[in-house]
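Subject: Structure for you to look at, with notes

Dear colleague,

I am handing over the structure we spoke about, with the sequence and the coordinates together. Please look through it alongside the notes that follow.

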Amino acid sequence: MCGINGVIQFRQKFSKEKMTYLVHDMNEKIIHRGPDANGIFADENCALGMRRLSIIDIQGGIQPIWNESHDKLIVFNGEIYNYKILRKQLEDKGHIFSTDSDTEIVLHGFEDCGIAFLKQMEGMFAFAIYDTLLKKWTIARDRVGEKPLYYFKSKELFIFASELKSILSTEIVKREIDMEAMSIYFQLTYIPAPKTIIKDVFKLPPATAIIIDSNGNIYEEKYWELDIDYEDTEYQDYNICKKKLREVLFTSVEQRMISDVPLGAFLSGGFDSSIIVGIMAQISKDPVDTFTIGFKEKKYDESPLAKLVAEKHKTNHHVLMLDWDMVYEDLEKILDNMDEPFADSSLIATYAVSKMTRKYVTVALTGDAGDELFAGYDKYLISYYGELYKRVPKIIRKMFIEPGIKVLPVDSNLSRKTYKVMNAANLDIYQQRKQLMCLGFKDTELKQLMKKGIVDPMSFIEDEYKYLKHRDEQLRTQYVDLNIVLEGDMLAKVDRASMLASLETRVPLLDSRVIELAFKMPTEFKINKKDRKIIWKDTFKDLLPEELFHAPKHGFRVPIGKWLETSLKEQLYKYINLDFINEQRLFSGEYMRQLVDKHMNHKENRCSELWTLFVFQWWYKKNIMD
């Protein structure tokens, strides 16, 4: 586990010493990703570097790693969980290994069968392989985008890095905002691949490799596609799917428990992390270390449920009752280390649990992706509740329901959820889904906010949605979440928060076998009317305390609204000051002021939009102005 950086030149722009200097500075920007070791290779064509967090083969495996003939080398960020199986296969073919690390597996596998080898790898990764004879570079990212990879290309150079701040540190790239990416951010609250907030800098899409030759030509290749057209009668059998799900997840968890350093698990008290912990407890000979965040507000607190799971599986359980004043002290550090504007406020709580966990272990397994794969989100119920709402006679809706909602507190859960149903009821199903994805500004609002009125229609969402047009609508929605929300939001959040704490996180649910099984089985095995995660909960019910089946879903809630009205209020008003706004030349100051005033006077709950704006302004001041 580490971070990687590189500068490749197609014309003799820099000396070997200059490229080494650039990559050294890029490495220093991501020291949190790899505090254990630092390595750089340089010749007249490129400089490649890495920061290392030692997980497997702690003493060996220092990068870059060379092949036997010393004509190819690799810098690698991530973990390959089935590396022992792959190593045995490669040794049988005559490959000779100089380390026990999983990194060397990738290099020899690439030698053996090129990019096709990536389909055999189970893991999270971003890497660069340099063929010193052919003067060719191959750069790739894992199947679903657990590990980030940014890049910039000009006629003279190709620069890549695990974090955007490394690329910007070279001062080669202009700090110019990509207006389309900015529009996407203000709608989604994050920016999915391939765009970034900086013009001409991109994120490599998941399951993609690019080959670069010495002339600067780039060839892009998708090495893996989700097997969604496969039809087999066995996947129509509920009990067979249960059996397969249990088998593949146990295998996935066992592989992700391989580590030469202390290992534990996040335990929220929800189904997903509880199931992962239950499997770990059955596999491990020793008690599992588990880590939970508790909240003083009882309606948000899942720590009592997590305690029940810990007791059931006899784990070494650690609980941090979150003091928001303490978390607020870390807010500046968190926001300062954001490569791009990112307004998912649960990042703050994720950093808190990562920071606490890192005091005890170096690696933690998580239950991420259970909602995307097995239909756990509340938003998946929008069509169900929308249809119920439309069955209510219009006169009752107009005379009683709609006026009644208006008298509820604007920040209540009931009013928030009812407004979503009311607003979506008359839209077609795709527009309903898209509207629920947009947690920031609606397009009509964004036209008023942005001075140039630029609103990206985000057609890439519809492209993903229509890709499975021959399958049922719920599966299409989950496919969108797998390809856009998971990569751009959920995985980005966990990577940024955990790496900032120098903690490696592993996600057993993102094993390709689990993903493919989830998409092969019928939708009714996962969701039916109001019932969600049906087969998921049924398959592993023996690992779960009975109380979990009757508990409401919480999630990581952060008191952003309270902060914006108190401790962050002064900063917020600085960011909407006309002098600041006029210097940016991006926003309408008048509309921004109206938005803030309505929220502060409790006329409207605009917490999500204001946090999205606040995060952008913080990022802009640090990365563009300063």
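To begin with the outside, how much accessible surface does the protein have, and what share of it belongs to carbon and sulfur atoms? The accessible surface comes to about 26100 Å², and carbon and sulfur atoms account for 49% of it. Please keep in mind throughout that this is a predicted model, and that the values below are computed from it.

**Overall build**

The protein contains 25 helices and 19 strands. Its radius of gyration is 25 Å, close to the 25 Å that the globule rule gives for 626 residues, so the protein is as compact as a globular protein of that length. The C-alpha trace spans about 80 × 60 × 50 Å along its principal axes, and buried residues make up 59% of the 626 residues. If one takes the contacts between residues at least 6 apart in sequence, 73% of them join residues at least 24 apart. As for charge, there are 88 positive and 95 negative charges, and their mean positions are 4 Å apart.

**Helix α5 and its surroundings**

The helix I would look at early is α5, which runs over residues 179-188. Eight of its 10 residues are buried, so the helix is largely enclosed by the rest of the structure. The buried residues are A181, M182, S183, I184, Y185, F186, Q187 and L188, and what covers them includes α15 (429-437), α16 (443-449), α17 (459-467) and α25 (607-625). At the N-terminal end, α5 is capped by D178, a side-chain oxygen of which lies 3.0 Å from the backbone nitrogen of E180. After the helix comes T189, whose phi is positive, near 85°.

What does C438 touch beyond its neighbours within four places in sequence? C438 is in contact with Q187, L188 and M458, and Q187 and L188 are both among the buried residues of α5. C438 itself is found in the loop between α15 and α16, and with a relative accessibility of 8% it counts as buried. Although C438 and Y185 are 253 residues apart along the chain, their C-alpha atoms are separated by 9.3 Å.

**Loops with backbone features to check**

The loop between α5 and β10 (201-203) holds P194, and a cis peptide bond, with omega about 10°, joins A193 and P194. In the loop between β10 and β11 (208-212) you will find A207, a residue other than glycine whose phi is nevertheless positive, near 55°; A207 is buried, with a relative accessible area of 1%. A positive phi, near 60°, is also found at H70, again a residue other than glycine, and H70 lies in the loop between β4 (65-66) and β5.

**Three further buried residues**

L73 lies in strand β5, which covers residues 72-80, and is buried at a relative accessible area of 0%. Not counting residues up to four places away in sequence, L73 touches F41, L48, P64, I65, W66, L107, A128, I129 and Y130. By way of distance, the C-alpha atoms of L73 and W324, which are 251 residues apart along the chain, are separated by 46 Å.

N27 has its place in helix α1, residues 16-29. Is this asparagine buried or exposed? At 0% relative accessibility, N27 counts as buried, and, leaving aside its neighbours within four places in sequence, N27 is in contact with N5, N38, G39, I40, G49, M50 and R51.

L486 lies in helix α18, which takes in residues 473-500, and at 1% relative accessibility L486 counts as buried. Its contacts, not counting residues up to four places away in sequence, are with A369, E372, D481, L491, A492 and L510. The C-alpha atoms of L486 and K452 are separated by 30 Å, with the two positions 34 residues apart along the chain.

With best regards

How values were computed
Residues numbered from 1 in each chain as written. Predicted model: local features only at pLDDT ≥ 70, side-chain atom pairs only at ≥ 80, totals over all residues. Heavy atoms only, no water. Helix = DSSP H or I, 4+ residues; strand = E, 2+ residues; numbered from the N terminus. Rg over C-alpha atoms; globule rule 2.2 N^0.38 Å. Buried < 20%, exposed > 50% of the residue type's maximum accessible area, 1.4 Å probe, protein only. Contact = heavy atoms within 4.5 Å. Areas by Shrake-Rupley, 256 points an atom, 1.4 Å probe, with all protein chains shown as cover. Lys, Arg positive; Asp, Glu negative; His and termini not counted. Charge placed at Lys NZ, Arg CZ, Asp CG, Glu CD. Polar contact = N/O pair within 3.5 Å; in protein donor to acceptor, adjacent residues only side chain to side chain.
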